[in-house]
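Please look over the sequence and the model shown below. The paragraphs after it go through the helix contacts, the nonpolar cores and a few single residues.

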Amino acid sequence: MADHAPANGRRPTIKDVAEAAGVSSGTVSRVLNGRNWVSPESKAAVEEAIARVGFRPNAHARTLATGRTNSIAFLLTEPQQMLFEDPNFARLLRGATAAAGERDVAVVLMVADTPEERRRAREFLGDRHVDGVLLISADPDDPLIDEIGLAHLPTVICGPEVTRHENTGYVSADDRSGARAATERLRALGRSRIACITGPERVTEPRLAGFRDALGADYDGTLVRHGDWTPESGRRAMEELLDARPDLDAVFVHSDQMASGALDALSASGRRVPEDVAVAGFDDSPVAARLDPPLTTMRQPFEEISAEMVRLLLEMIGGAGPRTVLLPTELVERASA
């Protein structure tokens with residue numbers, strides 16, 4: 001069969017596909033637009049010709065015709081290095097890219113932490129270069145949420161829920177029930193002086209609430225310290241707790257990264273884990289199984305969270321209303337508790 005691909009390096013057109021398939025340009029157009037009044041033989045010939053000549057529809061023309069870009073933004077409102085330092089962000093990005101790719105939707109990665117980055121993000125989103133936004137934000141009061149809403153773009157947030165925009169959906173793990181399960185695990189070991197290292201206060205309120213649910217009347221606010229997700233903040237918080245309450249016998253840490261720092265502080269103080277102090281984390285990030293001892297933790301279903309975010313966003317782009325989706329966590333028992 002003759003090769004009908006353009007010889008001069010120009011982009012193949014519908015006319016080239018029609019010549020290669022031996023049909024009219026109108027038939028090619030009907031196949032591309034999913035119309036039904038094309039014979040199976042002609043449809044197969046067109047599809048084969050498309051592959052042979054390397055034809056791809058003009059994205060700009062399609063956008064003008066449909067008002068859609070067939071792309072979405074993955075917007076991270078954290079420092080750029082967090083994509084490399086915190087594996088959870090990378091897992092969300094990988095999952096979102098895979099889920100969007102299955103639907104032939106492109107993902108544009110954007111970081112909006114500095115004022116200049118946020119300005120560029122506002123302009124890019126305001127100009128409607130994408131059909132919707134997957135927003136990864138640890139701050140429920142982030143003003144960028146309002147700014148995206150004002151751009152009238154469907155937005156799905158992975159993070160604490162705020163209810164300010166009718167076009168904003170949310171997907172996250174059920175932090176409160178997960179924290180309750182982690183704390184109950186520590187109580188089941190017979191521990192009674194259980195400390196807690198939280199993330200940033202406003203962000204991890206559901207996890208602290210779950211911790212309090214499990215302890216009930218035994219909750220002791222003097223056994224709570226706050227970190228910022230980093231291992232160093234977990235180490236400092238653990239040191240403060242040991243200074244204030246050297247008799248503590250367990251600690252629930254709101255992230256595995258902070259738990260790694262807490263384990264370092266416990267080791268430096270001569271405490272054995274879990275004999276003297278049992279430790280439970282949250283996330284089941286890759287570091288959890290490599291710690292010494294391996295960390296008991298709550299597994300967040302990051303791949304499922306990503307897939308749900310993409311599914312919900314595409315539904316919203318198609319005209320559906322926003323929803324809030326909470327996914328269950330799972331206790332992973334290891335040697336630390």
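How are helix 1 and helix 2 oriented to each other? In this predicted model, the axes of helix 1 (residues 14-21) and helix 2 (residues 25-32) come within 8 Å and cross at roughly 105°. Angles of 65 to 115 degrees count as roughly perpendicular, and helix 1 and helix 2 are therefore roughly perpendicular to each other. On the side of helix 1 the contact is made by Ile14, Lys15, Val17 and Ala18, and on the side of helix 2 by Ser25, Val28 and Leu32. Five of the residues in this contact are nonpolar, one is polar and one is charged.

The protein as a whole has 13 helices and twelve strands. Of its 337 residues, 48% are buried. Among contacts with a separation of 6 or more, 69% join residues 24 or more positions apart.

The next topic is the nonpolar interior. The largest nonpolar core has 26 residues, and those with the most contacts inside it are Leu134, Ile136, Val156, Val171, Ile305 and Met309. Two or more residues of this core come from each of strand 1 (71-76), helix 6 (87-102), strand 3 (133-136), strand 4 (155-158), strand 5 (168-173), helix 13 (302-317) and strand 11 (324-327). Helix 13 gives the most, with eight residues. Beyond the residues up to four places away in sequence, Met309 touches Leu134, Leu135, Ile136, Val156, Ile157, Cys158 and Val171. Apart from this core lies another, of 25 residues, which includes Val203, Leu241, Val273 and Leu295.

Helix 6 and helix 13, both contributors to the largest core, also meet each other. Their axes come within 8 Å and cross at roughly 45°. An angle from 35 up to 65 degrees falls outside the parallel and perpendicular classes, so helix 6 and helix 13 are oblique to each other. The crossing of helix 6 and helix 13 is right-handed. Helix 6 makes this contact through Asn88, Arg91, Leu92, Gly95, Ala96, Ala99 and Ala100, while helix 13 uses Phe302, Glu303, Ile305, Ser306, Ala307 and Val310. By class, the contact of helix 6 with helix 13 has eight nonpolar, three polar and two charged residues. Ile305 takes part in this contact and is also among the residues with the most contacts inside the largest core.

Which way do helix 11 and helix 12 lie to each other? The axes of helix 11 (residues 231-244) and helix 12 (residues 256-268) come within 6 Å and cross at roughly 45°. Helix 11 and helix 12 are therefore oblique to each other, and their crossing is right-handed. From helix 11, Pro231, Ser233, Gly234, Arg235, Met238, Glu239 and Leu242 meet Gln257, Met258, Ser260, Gly261, Ala262, Ala265 and Leu266 of helix 12. The residues of this contact divide into seven nonpolar, five polar and two charged.

One residue of this contact, Ser260 of helix 12, can be followed further. Is Ser260 buried or exposed? Buried means under 20% relative accessible area; Ser260 has 13% relative accessibility and therefore counts as buried. With its neighbours within four places in sequence left aside, Ser260 is in contact with Pro231 and Leu291. Pro231 belongs to helix 11 and takes part in the contact of helix 11 with helix 12.

Helix 10 (residues 205-215) has Arg207, Ala209, Gly210, Phe211, Ala214 and Leu215 as buried residues. These buried residues pack against helix 9 (175-188), strand 6 (194-198), strand 7 (224-226), strand 8 (250-253) and strand 9 (278-283). After helix 10 comes Gly216, with a positive phi near 60°.

The last stop is a loop residue. Gln80 is placed in the loop between strand 1 and helix 5 (82-85). At 46% relative accessibility, Gln80 counts as partly exposed. Gln80 and Ala112 are 32 residues apart along the chain, and their C-alpha atoms are separated by 8.3 Å. Not counting residues up to four places away in sequence, Gln80 touches Val111 and Glu117.

Technical notes
Residues are numbered from 1 along each chain as its sequence is written. This is a predicted model: local features need pLDDT of at least 70, side-chain atom pairs count only at pLDDT 80 or more; totals for chains, interfaces and linings use all residues. Side-chain values use heavy atoms; hydrogens and water are left out. Axes are lines fitted to C-alpha atoms, for helices over the stretch in contact, and angles run from 0 to 180 degrees between N-to-C directions. Helices (H or I, at least four residues) and strands (E, at least two) are DSSP runs, numbered from the N terminus. Angles under 35 degrees count as roughly parallel, over 145 as roughly antiparallel, 65 to 115 as roughly perpendicular and the rest as oblique. Contact means heavy atoms within 4.5 Å. Ala, Val, Leu, Ile, Met, Phe, Trp, Tyr, Cys and Pro count as nonpolar, Asp, Glu, Lys and Arg as charged, and the others, Gly among them, as polar. A crossing is left-handed if the near helix is turned anticlockwise from the far one by less than a right angle, and right-handed if clockwise. A nonpolar core is a set of buried Ala, Val, Leu, Ile, Met, Phe, Trp, Tyr and Cys residues joined through side-chain atoms within 4.5 Å. Buried means under 20% relative accessible area, exposed over 50%, partly exposed in between (1.4 Å probe, protein chains only).
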